[in-house]
Amino acid sequence: MVMAPMIELRGIRRQYGGQGGQPAVEVLRGIDLNIHAGEFVAIVGQSGSGKSTLMHLLGCLDRPSSGSYRFNGRDVAHLAADELAALRREAFGFVFQGYHLIATESAGENVEVPALYAGLRAPERAQRAAALLGRLGLADKLHLRPNQLSGGQQQRVSIARALMNGGQIILADEPTGALDSRSGAEVMALLHELADAGHTIILITHDREVAAQARRVIEIRDGCIVADSGTQASPASRPAPGARLGQGAAGALFWNDLREAARTAWRGMRLNRARTALTLLGIVIGVASVIVMLAIGEGARRQVMERMGTMGTAILYLGSKPPAAGGPTGQLTEDDLQALRELPEIHRVLPVIGDPVTVRHGRADKQLYVFAASEEMPAVHHWPLAQGRYYSAAEDRDLAPLVVLGHKAWQHFFPDVARPLGRQLLIGNSPFEVIGVMAERGADSGAQDYDDMVFIPYQSARARVYQAQTQPDYVVVQARSSQQVHAAEQAMQRLLLARHGREDFGIGNAAARIQAEAATRRSMTVMLGLIAAVSLLVGGIGVMNVMLMTVKERTREIGIRVATGARQRDILRQFMTEAVLVTWVGGAVGVLAGLLVGAALIAAGVPVVFSVSAMAGAFACAVATGLVFGYMPARSAARLDPVVALAGNP
Ligand code: ADP
Ligand code: MG
């Protein structure tokens with residue numbers, strides 16, 4: 001019975017170079033070779049004869065320049081990248097002269113790597129790795145790193161790794177080359193054992209003595225097969241141990257892979273603490289400054305809003321003044337005010353007399369600003385009372401001697417009296433009765449001076465306190481709405497100009513001033529926000545830099561992972577995960593740092609308002625930065641040529 005060969009090479013050629021003016025070097029020059037399942041083949045030849053090149057082709061790590069390679073009857077040239085990865089993963093197990101273990105992972109974890117890409121679950125993986133290492137006499141070395149193991153032990157770990165997914169075909173490239181004779185003999189004994197168990201062994205060596213131990217010896221010289229002892233009549237054909245692959249649900253596998261990638265990434269970050277910390281710093285500063293800048297901006301905005309709320313967003317001030325052209329100061333008469341009240345844009349007109357006057361209670365006296373206006377004052381200023389009531393229009397008309405206290409005035413005159421209503425104050429020389437206390441405006445309203453005042457009816461002020469005064473010091477005018485402030489200002493201007501015939505009055509627009517201030521602050525915030533965004537960008541570039549370095553440093557690891565069956569997307573995912581993890585941690589620390597800085601600012605009295613959406617946004621930006629700036633290095637890692645990567649020189 002003639003069984004079809006498992007591996008069939010026809011006219012395989014492989015040349016290097018030949019581009020960019022370099023002469024092409026042909027390393028394999030027409031290899032024809034059949035290998036059946038269960039054979040134990042040694043390929044022997046001098047150094048430089050092309051053995052490793054042949055092994056890389058056999059193991060689907062490399063493609064021939066010409067010729068055909070059929071594996072189990074299928075032309076490998078027609079397989080897609082992922083199918084090749086599957087073949088490497090499920091059919092082949094590599095053992096290299098230099099062991100090629102991942103330096104940062106323990107012996108057990110190294111053995112687990114191929115199963116990772118085959119989708120075996122973590123507990124089964126660990127169990128199988130431990131069993132394999134136990135079988136190879138390394139049960140107690142499970143948790144040691146490669147640099148804590150001897151050469152012979154490392155080679156046994158790499159054999160265990162080759163067997164992890166079944167290792168139907170073991171491709172061993174000079175497996176004893178770096179070992180002392182005793183360890184070398186042990187490794188050879190192991191290969192014999194595996195051959196007896198039904199594995200196909202392809203052993204590459206420059207040592208004829210080693211080669212002689214195989215059942216079939218093929219000699220290669222200058223890229224050609226020069227001798228072949230031939231296939232034995234019937235290779236001890238026990239069915240080769242197949243791959244035992246766990247196949248979880250696709251979703252579970254995805255999380256499995258992601259967790260694994262995160263674990264590896266976390267380990268990488270810990271191993272390079274200083275570098276990671278510096279990279280993180282960029283992200284942390286970026287995220288924290290975005291958060292703090294936005295919080296300060298929002299705090300300032302709220303402050304302005306609040307001030308506009310307390311002062312009223314629709315307030316205009318009107319006063320008389322000498323005209324620019326010279327002449328006497330104008331008079332604002334009661335008729336003028338009445339005409340203003342009739343303008344459609346205007347809601348309220350509040351004439352005010354206010355001056356510092358000596359106010360007395362018992363033996364306490366103080367110069368206080370005595371604010372005389374109509375009963376509309378609280379409505380115009382959106383200012384509620386804390387106690388008692390405000391005087392009415394009728395009381396104003398009747399010259400009632402009533403006073404309402406500002407918060408601080410209350411504290412000054414009646415520090416021990418919870419409700420000073422009904423008490424008497426001497427304003428100037430006239431007694432006034434306290435009927436109310438205004439609510440506190442507080443320091444951040446921008447109008448805390450109002451807390452220091454007392455408020456009396458306009459008419460009684462003129463009759464009892466400001467007798468000399470015939471017209472208001474100024475007039476507070478409230479437009480119908482904040483949108484109509486401008487229109488109201490223009491209407492007032494026109495009306496008064498018509499009535500007076502000259503500009504002997506001035507109009508102040510408080511709302512416009514506050515709005516201008518708000519706009520300035522806004523542009524300031526935008527600028528600071530931009531600076532913060534730039535620092536986030538710089539942080540992202542830092543991530544890219546570190547990722548590029550990481551990929552460079554770990555090319556050999558990437559080669560190992562590809563040789564053990566990683567798909568391009570596995571490599572891509574791993575490096576993307578690392579980039580995202582760095583920025584994720586950086587973002588989280590940045591949010592914390594931002595909160596701390598903000599708290600410090602609040603303690604220092606700066607108005608700061610945190611916004612959850614700003615924090616979430618900054619955090620998301622950081623992670624997006626990781627995705628964007630991590631992609632390029634991760635892709636270059638995924639696209640590395642496995643043979644080049646294994647050699648460790650990208
Ligand atoms: P062996 O494993 O038998 O020692 P190799 O297969 O490693 O030999 O190399 C065979 C020849 O191919 C050597 O002369 C080597 O210099 C050359 N070679 C191997 N890889 C490359 C490469 N990437 N580019 C150019 N030449 C290469
Ligand atoms: Mg070699």
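## The second largest cavity

In this predicted model, strand S6 (92-96) makes the greatest contribution to the lining of the second largest cavity, supplying four residues. Helix H2 (81-90), helix H5 (151-163) and helix H17 (555-563) are the other elements that each give two or more residues to this lining. The cavity encloses about 90 Å³ of space, and its lining comprises 13 residues, among which Gly93, Phe94, Pro114, Ala563 and Thr564 lie nearest the centre. By class, seven of the lining residues are nonpolar, three are polar and three are charged.

## Position between two domains

The chain is divided into domain 1 (7-247), domain 2 (253-294 + 533-646), which is formed from two segments, and domain 3 (331-503). Because domain 1 and domain 2 both give residues to the lining of the second largest cavity, this cavity lies between them. For domain 1 and domain 3, the C-alpha centres are 97 Å apart.

## The largest cavity

Three cavities of 30 Å³ or more are found in the structure, and the largest of them has a volume of about 120 Å³. The elements that give two or more residues to the lining of this largest cavity are helix H8 (250-271), helix H9 (273-311), helix H16 (510-553) and helix H18 (568-603).

The residues that line the largest cavity include Gly268, Met269, Asn272, Arg275, Thr276 and Thr279, together with Val546, Met547, Thr550, Arg554, Glu578 and Val582. Sorted by class, this lining has four nonpolar, five polar and three charged residues, whereas the lining of the second largest cavity has seven nonpolar, three polar and three charged residues.

Key:
Residues are numbered from 1 along each chain as its sequence is written. Chains are lettered from A and ligands numbered from 1 in the order in which they are written. This is a predicted model: local features need pLDDT of at least 70, side-chain atom pairs count only at pLDDT 80 or more; totals for chains, interfaces and linings use all residues. Side-chain values use heavy atoms; hydrogens and water are left out. Domain bounds come from an automatic or database domain assignment. On a 1 Å grid over the protein atoms alone, a cavity is a set of points where a 1.4 Å probe fits but cannot get out, and a pocket is an open set with protein on both sides within 12 Å along at least five of seven lines; lining residues have an atom within 4 Å of a point. Grid points are joined across faces, edges and corners, and a volume is the space filled by probe spheres set on the points. Ala, Val, Leu, Ile, Met, Phe, Trp, Tyr, Cys and Pro count as nonpolar, Asp, Glu, Lys and Arg as charged, and the others, Gly among them, as polar.
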